[in-house]
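Biologist: Could you take me on a close look at the nonpolar core of this chain, and then show me how the rest of the fold sits around it? I'd love one connected account rather than a list.

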Amino acid sequence: MASSTAGGHCFLLALLLLTSAAYGQLSQNFYTTNCSTLDTIITREVSRVLFTNPPPQGGRRLFADPPPQGGTLIGGSLLRLFFHDCFVQGCDASVLLNEDVKKGKMLSEKQAGPNLNSLRGFEVIDRIKGEVEKACPGVVSCADILALATRAAVVALNGPTWPLLLGRRDSTTANQDEANTDLPSPGSDLDNLIAAFDKKGFNASELVALSGFDDFGSAMKKISELGVLTGSNGQVRANCGRVN
Ligand code: HEM
């Protein structure tokens with residue numbers, strides 16, 4: 001009896017150590033020592049795109065306009081890009097991957113119905129990734145850059161902030177089918193929208209919050225933690241558009 005209790009304790013201890021090791025890979029300070037200029041680069045690049053070179057007067061038309069080169073509207077585009085990444089396979093930068101017909105015929109999420117010709121901001125993330133790679137080669141994942149740039153844009157536009165666990169890894173796959181089924185569509189009725197968010201663990205109040213009416217920051221924190229990859233479950237892509 002005594003030995004089985006001791007065995008049970010050992011098992012619990014091992015489980016606890018394994019669990020804390022997995023969580024230990026993510027931290028708000030993940031890049032403090034190995035990429036100390038990251039925050040400065042993100043803030044500088046996001047401000048540059050938000051507050052310079054605004055698109056022409058008149059705004060944009062649904063589904064028909066080219067990606068904006070700058071201006072505050074791109075802040076919303078980054079937020080949507082991040083949301084659409086996190087809702088498909090988790091926040092793993094899978095949405096940034098280009099179609100790859102050579103390597104295993106991977107269909108991109110970019111080409112899925114809810115994203116095609118309406119998801120914007122890819123060039124902003126590519127530019128930031130380039131600047132980050134110059135300062136800290138091979139260290140910062142595209143998933144972390146997308147999460148940080150989105151939060152920086154929301155904050156720069158006087159929105160709330162939220163804590164971000166960093167050290168997340170990039171996926172080696174994309175999932176076009178999931179993008180087609182799991183992203184909310186403008187044709188969805190309320191029941192479908194509630195069901196789509198419930199599938200990802202969000203209740204109706206959180207759906208309202210994400211629609212901008214209530215505690216947006218807390219809802220964004222929850223989105224930011226969907227299906228994050230750590231350690232050898234993913235990689236740090238050298239180029240956000242393709243697997244290493
Ligand atoms: C609730 C279900 C939702 C539906 C059906 C929906 C649908 C859409 C559609 C059709 C567009 C227009 C795309 C275009 O410009 O052509 C759009 C834009 C946008 N959505 Fe959503 N969305 C939803 C939820 C959300 C959530 C939760 C967020 C924030 C986390 C969000 C953020 C945005 C932003 C910022 C834009 C403007 C993006 C841009 O101008 O580039 N949406 N959404």
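Modeller: Happy to! By nonpolar core I mean a set of buried Ala, Val, Leu, Ile, Met, Phe, Trp, Tyr and Cys residues joined through C-beta atoms within 7 Å. Please keep in mind that this is a predicted model. The largest such core holds 53 residues, and the members that touch the most others are Ile125, Ile145, Leu146 and Ala149. Two or more residues each come from α2 (38–51), α3, α4, α5 and α9 (216–224). Helix α5 is the biggest contributor, giving 10 residues.

Ile125 is a good place to zoom in. Once neighbours within four places in sequence are set aside, Ile125 is in contact with Leu96, Cys142, Ile145, Leu146, Ala149 and Cys240. Three of the names from the core, Ile145, Leu146 and Ala149, thus turn up again among the contacts of Ile125.

Stepping back, the chain has 9 helices and 0 strands. Of its 244 residues, 34% are buried. Among contacts with a separation of 6 or more, 74% join residues 24 or more positions apart.

Helix α3 also leads us to the ligand. This helix, residues 73–86, supplies 6 residues to the shell around the ligand, the largest share. In total 16 residues surround the ligand, and the closest are Gly76, Ser77, Ser118, Pro184 and Leu210. By character, the shell divides into 9 nonpolar, 5 polar and 2 charged residues.

Now for the loops. Most residues other than glycine have a negative phi, which makes two asparagines worth a look. Asn117, in the loop between α3 and α4 (122–135), has a positive phi of about 60°. Asn117 is partly exposed, because 14 other C-beta atoms lie within 10 Å, and a residue counts as exposed at 12 or fewer and as buried at 20 or more. Asn158, in the loop between α5 (142–156) and α6 (176–182), has a positive phi near 70°. With 6 C-beta neighbours inside 10 Å, Asn158 falls under the cut-off of 12 or fewer and therefore counts as exposed.

Finally, helix α7 makes a nice contrast to the core. Of the 10 residues of α7 (190–199), the number buried is 0, so this helix lies largely in the open. Just after α7, Gly201 takes a positive phi of about 90°.

Key. Residues are numbered from 1 along each chain as its sequence is written. This is a predicted model: local features need pLDDT of at least 70, side-chain atom pairs count only at pLDDT 80 or more; totals for chains, interfaces and linings use all residues. A residue is near a molecule or strand if its C-beta atom, placed from the backbone, lies within 6 Å of it. Helices (H or I, at least four residues) and strands (E, at least two) are DSSP runs, numbered from the N terminus. Ala, Val, Leu, Ile, Met, Phe, Trp, Tyr, Cys and Pro count as nonpolar, Asp, Glu, Lys and Arg as charged, and the others, Gly among them, as polar. Two residues are in contact if their C-beta atoms, placed from the backbone, lie within 7 Å.
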